[in-house]
Amino acid sequence: MDGLEAVVIGEVHENVTLHCGNISGPRGLVTWYRNDSEPVFLLSSNSSLPPAEPRFSLVDASSLHIKSLGLGDEGNYTCQEILNVTQWFQVWLQVASGPYQIEVHIAATGTLPNGTLYAARGSGVDFSCNSSSRPPPMVEWWFQALNSSSESFGHNLTVNSFSLLLMSPNLQGNYTCLALNLLSKRHRKVTTELLVYYPPPSAPQCWAQMASGSFMLQLTCRWDGGYPDPDFLWIEEPGGVIVGKSKLGVEMLSESQLSDGKKFKCVTSHIVGPASGASCVVQIRGPSLLSEPMKTCFVGGNVTLTCQVSGAYPPAKILWLRNLTQPEVVIQPSSRHLITQDGQDSTLTIHNCSQDLDEGYYICRADSPVGVREVEIWLSVKEPVNIGGIVGTIVSLLLLGLAIISGLLLYYSPVFCWKVGNTFRGQNMDDVMVLVDSEEEEEEEEDAAVEEEEEAHEREELPKEIPKQDHIHRVTALVNGNIEQMGNGFQDLQDDSSEEQSDIVQEEDRPV
């Protein structure tokens, strides 16, 4: 053969033109053959020879044009040209097909309603890509994470699958399978989004609070740290009555749905588990109040009223009111009224107390969706007192009382006799206190009155005054010395008394 072999690539269903050598200028008689086991006539520039198929035609009096290529058209073609001499030119026609539809399979955990695939963190995922193509395509995988550039996982002519054993959040993104026909350089690609899901690592938390600007109760449930957000279901306990279900975990309850001690349970669920979900419970309680019932303030001074709220869940809103008008007036902070709150303890401090403005009842109110509690405090405003005058009066009263008591003791107490021993003799004698009882107890007042009347009658009958014998009173003798001296002293006292009684008898026996 005189011509060099040429290679022409065509695609299925496309048209292709095979040139008869690389010659410019006038051409001779051209005939095209298909080289199989034997040469097969296809087309000639001799108009008397019709083409073998209507798909074949001659272009520029020398080139073979084939319409609607098929895979069977692939092979060797020969062009014969007769011009002065006969020349032969060979052409190798390759027919490429595809790649057509690409099938991508990702063995993930599941599929969302919109078709997006997701896998659980820590799981293994298999990737494969298939496409019909002739010759078989080269398959290449690309990965692009969110807000990052694409990176290749490599390419291979025979292996079109791979696996990721431990999925992690940084492997979430778009996976692209690229199929390239190396013959036609035609390619196709398919991109699939793969999400990596994981449940929250800790237990859910739930709480209750008063809704802002209303007396409704707001239930809030949170289960943070997972992706995507979980679902929340609020139910009553016991009974299991559904309160609400949402993605936010927030439910609003009216007062009619509440009672002291009632429990509400939040049940959470996540798309990748755990299957049983997780839960938490809140129990609501009404408030209790504790305060001093009475307080006193001096005019011009300061006083602090204290109110303690306990047992309230959710925490109650504490208000101070003045019980002077109907409805009661809420006290607002001012220069005279200072309101502070530490947790559930509230204080109301009143400056520059005035009897006309400040004396009266004050109310501490605890507002809660579960209930409202109130406690009253009476504030008494008094004039300042003179402490010095009070102290002087108290001292004077004490001295006066002491004087009265001393007088009574002196008037009714027994006679104390002290006998001092002779200290100049140098005798070492102890002082002895002896109490001598009277021969008889004091007579009653009636007997004394009778005796006085008899003595008065006797004084009228006697020409001279007869001394009256008094009763023997209790005598206390202090004797310095021994027991014998004390006894002698006591005997002398008895003798003197006997002599006086004898003289009185003699006077009585004397005639008038």
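**Figure 1. Overview of the chain in a predicted model.** Residues 24 or more positions apart account for 62% of the contacts in the chain with a separation of 6 or more, where a contact means heavy atoms within 4.5 Å. This is a predicted model, in which local features need pLDDT of at least 70 and side-chain atom pairs count only at pLDDT 80 or more, whereas totals for chains, interfaces and linings use all residues. Residues are numbered from 1 along each chain as its sequence is written, and side-chain values use heavy atoms, with hydrogens and water left out. The chain holds 4 helices and 35 strands, these being DSSP runs numbered from the N terminus (helices H or I, at least four residues; strands E, at least two). Of its 512 residues, 31% are buried; buried means under 20% relative accessible area, exposed means over 50%, and partly exposed lies in between (1.4 Å probe, protein chains only). The chain exposes about 32,100 Å², and carbon and sulfur atoms supply 53% of this area, with accessible areas taken from the Shrake-Rupley method with a 1.4 Å probe and, for residues, only the protein chains shown counting as cover.

**Figure 2. An open sheet of 5 strands, with strand 28 in view.** The sheet runs in the order 26-33-32-28-29 and its pairing is mixed, two strands being paired if DSSP finds at least two bridges between them. Strand 26 (294-298) and strand 29 (329-330) are the edge strands, each pairing on one side only. Strand 28, residues 317-322, pairs with strand 29 in the antiparallel sense over 2 bridges, and R322 has V329 of strand 29 as its bridge partner. These two strands, 28 and 29, form a hairpin with 6 residues between them. Strand 28 also pairs with strand 32 (residues 360-368), in the antiparallel sense over 6 bridges, and here the bridge partner of W320 is C364 in strand 32. Strand 28 is mostly covered, since 5 of its 6 residues are buried.

**Figure 3. A nonpolar patch on the surface, to which helix 2 contributes.** F298, V385, I390, I394 and L398 form this patch, with about 470 Å² of accessible area together. Patches are made of residues with over 30% relative accessible area and no salt bridge, like charges being joined within 9 Å and nonpolar side chains (Val, Leu, Ile, Met, Phe, Trp, Tyr) within 5 Å. Helix 2, residues 387-412, gives the most to the patch, with 3 residues. I394 has its place in helix 2 and, with a relative accessible area of 45%, is partly exposed.

**Figure 4. Aromatic pairs and one aromatic cluster.** The structure holds 13 aromatic pairs, counted where rings of Phe, Tyr and Trp (its six-membered ring) have centres within 6.5 Å, with planes under 30 degrees apart taken as stacked, over 60 as edge-to-face and the rest as tilted. The ring centres of Y33 and F41 are 6.3 Å apart and their planes stand at 70°, so this pair is edge-to-face; F41 is partly exposed at 28% relative accessibility. Y197 and Y227 also make an edge-to-face pair, because their ring centres lie 5.3 Å apart and their planes stand at 70°. Y197 belongs to strand 17 (residues 187-197) and Y227 to the loop between strand 19 (217-222) and strand 20 (231-237), so the pair ties together parts that are 30 residues apart in sequence. Y197 counts as buried at 5% relative accessibility, whereas Y227, with a relative accessible area of 30%, is partly exposed. One aromatic cluster is formed by F127, W141, F143, F153, F162 and Y175.

**Figure 5. Salt bridges in the chain.** The count comes to 11 salt bridges, each being a side-chain nitrogen of Lys or Arg within 4 Å of a carboxyl oxygen of Asp or Glu. R34 and D36 meet through their side chains in a salt bridge (3.8 Å, N to O); R34 is buried, with a relative accessible area of 16%, while D36 is partly exposed at 49%. The side chains of K295 and E292 form a salt bridge (3.4 Å, N to O), and E374 is joined to R365 in another (2.6 Å, N to O). E53, R55 and D73 are linked in a network of salt bridges.
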